[in-house]
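The following exchange sets out how certain descriptions of a structural model are justified. Each answer sets a value beside the criterion on which the term rests.

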Amino acid sequence: MIPPEFDYAAPESLEEVQRALRDGGEDAKLLAGGHSLVPLMKLRLAAPSLLVDLRRVPGLRGAEREDGTWRIGAMTRHADLQGRSELGPVGQATALIADQQVRNRGTIGGSLVHGDPASDLPAVLVAAEGTVTLAGAGATREVAAGDLFEDYLTTAVAADEVLTEVRIPDFSGWGSSYLKFTRRAEDWAMVGVCALVKRGADGACEDVRIGLTNMGSTPLRASATEAALRGQPLDAEHIGAAAERAAEGTEPPGDLNATPDYKRHLARVMTRRALLEASEAL
Ligand SMILES: Cc1cc2nc3c(=O)[nH]c(=O)nc-3n(C[C@H](O)[C@H](O)[C@H](O)COP(=O)(O)OP(=O)(O)OC[C@H]3O[C@@H](n4cnc5c(N)ncnc54)[C@H](O)[C@@H]3O)c2cc1C
């Protein structure tokens, strides 16, 4: 459980971070909260020769609302976001990540770049149709949630890019819910569901977005359920019927806790509950 030896740098600007990454070569790695990377190093599944710590870089922490969008710095910790109702599903999901100790260290940027489909924030970003800003040595680019998660633990973030900011639309006027099913309190999700619902002037569902945690090698949208609910009344009968389609197009991995079939069952049940909770919040 002791990681291999590594060098450590804690630069004080983004430019210095880029320089350290360049000088460190392909074995250099960024360090945020260390709650995914350090366990991998202890298990010797990762052996970076240099860790470049982002904690001293100014301007990477905090959440601000600007022109209908939340701009959240990559180094913002889960604890800074948990339970904040103005942040909608981000506040709800961060409150359910592990225990307070993990939430005090883990960051939104680290969670998204790590790209674990069992993590809670990737499904929220996908449902919210958010974006991330990636600062590379030569250029900065914006990547949409739908293009960020490529495969299991694989994202579109290049080795020399720093995720600096996460943008999530302001969901004022929508109902939202994030629910996860766990074997024990504070566990990783066997299945998690992020639901966002908007009611139209006629009382029916004007728009709906659903993100699924741990139902494939990347976070997924429950598109069939979304299509079935749009334009329908937001009552228990229509929500229940739409939620029956939540597992369509998913390929959940079997693990020690659940078979793929059981996860599909959980996806249907948790989607129904999350949609009901989001609708009741309207
Ligand atoms: C016991 C335990 C239980 C947990 N349970 C849950 C859970 O229930 N739900 C959940 O969602 N998560 C859970 N986590 C994971 C936790 O949320 C982590 O904090 C998170 O996955 C990674 O964030 P981090 O800031 O620690 O990143 P780090 O571990 O520091 O980094 C992770 C990866 O991202 C890269 N990286 C980090 N920041 C950036 C950046 N700004 N730009 C580019 N690359 C970057 C690193 O190089 C590394 O490859 C758990 C962790 C532990 C230890």
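Q: How do the residues lining the largest pocket divide into nonpolar, polar and charged?
A: In this predicted model, the lining divides into 24 nonpolar, 14 polar and 10 charged residues. Gly counts as polar under the classification used, so Gly-110, one of the residues nearest the centre of the pocket, belongs to the polar class.

Q: What makes up the lining of the largest pocket, and which residues lie nearest its centre?
A: The pocket is lined by 48 residues, and Ser-36, Leu-37, Gly-110, Val-113 and His-114 lie nearest its centre. At least two lining residues come from each of β2 (28-31), α2 (37-42), α6, β9 (154-155) and β10 (162-169). The largest share, 5 residues, is supplied by α6. The space in this pocket amounts to about 1,200 Å³.

Q: Why is Ser-111 called buried or exposed?
A: Ser-111 has a relative accessible area of 12%. The term buried applies under 20%, and therefore Ser-111 is classed as buried. This residue is found in helix α6 (residues 108-114).

Q: Which residues does Ser-111 touch, leaving aside those up to four places away in sequence?
A: Ser-111 touches His-78, Ser-119, Leu-121 and Pro-122. The criterion for such a contact is heavy atoms within 4.5 Å.

Q: What is the order of the strands in the open sheet, and why do β11 and β14 stand at the edges?
A: The 4 strands follow the order β11-β12-β13-β14, with antiparallel pairing. β11 (175-181) and β14 (220-221) each have a single partner strand, so one side of each is left without a neighbour in the sheet.

Q: How do you know that β12 and β13 are paired?
A: Pairing requires at least two bridges, and 8 bridges join β12 (residues 191-199) to β13 (residues 205-213); the two strands therefore count as paired. Among the bridge partners, Val-193 is matched with Leu-212 in β13.

Q: Which helices are placed against this sheet, and at what angles?
A: Helix α7 (residues 120-128) packs on the sheet and touches β11, β12, β13 and β14, its direction making about 155° with that of β13. Helix α11 (residues 260-280) lies across β11, β12 and β13, at about 35° to β12.

Q: What makes up the lining of the second largest pocket?
A: This pocket is lined by 14 residues, with Ala-118, Trp-188, Ala-189, Asn-214 and Asp-255 nearest its centre. By class, the lining has 8 nonpolar, 2 polar and 4 charged residues. The pocket holds about 330 Å³ of space.

Terms used
Residues are numbered from 1 along each chain as its sequence is written. This is a predicted model: local features need pLDDT of at least 70, side-chain atom pairs count only at pLDDT 80 or more; totals for chains, interfaces and linings use all residues. Side-chain values use heavy atoms; hydrogens and water are left out. Axes are lines fitted to C-alpha atoms, for helices over the stretch in contact, and angles run from 0 to 180 degrees between N-to-C directions. Buried means under 20% relative accessible area, exposed over 50%, partly exposed in between (1.4 Å probe, protein chains only). On a 1 Å grid over the protein atoms alone, a cavity is a set of points where a 1.4 Å probe fits but cannot get out, and a pocket is an open set with protein on both sides within 12 Å along at least five of seven lines; lining residues have an atom within 4 Å of a point. Grid points are joined across faces, edges and corners, and a volume is the space filled by probe spheres set on the points.
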